[in-house]
Amino acid sequence: MNILAKNFTIDHNSKLPLHVQVEELFRKLIKMEVYKKGALLPKEVDLANLWGVSRNTIRQATNKLEHEGLIIRKKGVGTRVAEKKSLVTGLDHWYSFTREMQEKGINVINQLLKTEEIQPNEEICNFFSITPDKKIFKLSKLKGENSGDPIVYFESYFHPRIGVNKNDDFDMPLYSMLQDHFGVIVDRSRENISACHAGAVIGKKLKVPATFPLLKRERFVYDINGKPVEYNVGYYRSDKFTYTIDINKSVES
């Protein structure tokens, strides 16, 4: 606990809520080599005393990490860092893939990036309300961890009014780039999720056989004024990625 007392501290004078600070400390804690190798995390009561917060504040943070699949708690045993089997995301909020992974402490990179101007198909024309002769900008990305297999292959198409072009910085999170460079604030997305086979072309990119099962996600993105911004298709390796859905039951009258 000495190293925790020295390097993991709560600022009780900060405007940042205590539960947020505690959650950030936990995210740092589970990255320590000793805990990644299976050692039990410190007990809630010990951390509460060390950081000068309530056990409820500690539990609020651990509940969130457990929900994200980052830790595992067993009654009578303790809490451990979960084995890293697959990346998990949910439908209760959405960001760019890079931003989602950053929030989970996972660094992903562009293993392949391609930009081009193309003629849109009928589905894209209908979503953007444009004619087929209007060229649009397409961004293709293959993403994975620094020293690992690819995880997901994206194809993004942008409304021509925005002006996205090949000189933009596609290494930064996409929706941050749209806001910073073009003043476009994304507000809502409609998503279709299905299963499909990789096929020869995408299978080669994701390093899986053509018959390998993928999770396919279509995303229709709108700005704060309800105008279409992006049509995005993502092909996720099913052995490396999981979508979770957390639904509350509505109150019956």
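**An open sheet and asparagine 110**

Author: Six strands make up an open sheet, ordered β4-β5-β6-β9-β8-β7, with antiparallel pairing; strands here are DSSP runs of E of at least two residues, and helices are runs of H or I of at least four, both numbered from the N terminus, while two strands pair if DSSP finds at least two bridges between them. This is a predicted model, in which local features need pLDDT of at least 70 and side-chain atom pairs count only at pLDDT 80 or more, whereas totals for chains, interfaces and linings use all residues. Residues are numbered from 1 along each chain as its sequence is written, and side-chain values use heavy atoms, leaving out hydrogens and water.

Reader: Which are the edge strands?

Author: They are β4 (108-118) and β7 (186-197), each of which pairs on one side only.

Reader: And how many bridges join β8 to β9?

Author: Nine bridges join β8 (residues 213-223) to β9 (residues 228-237), and the two run antiparallel; among the residues involved, leucine 215 has tyrosine 236 in β9 as its bridge partner.

Reader: Switching to asparagine 110, where does it lie?

Author: Asparagine 110 lies in strand β4, and its C-alpha is 7.2 Å from that of aspartate 171, although the two are 61 residues apart in sequence.

Reader: What does the side chain of asparagine 110 reach?

Author: That side chain reaches the backbone oxygen of phenylalanine 170 at 3.3 Å, and a polar contact of 3.0 Å joins it to the side chain of aspartate 171. A polar contact is a pair of N or O atoms within 3.5 Å; within protein, one must be able to donate a hydrogen and the other to accept it, and residues adjacent in sequence count only if both atoms are side-chain atoms.
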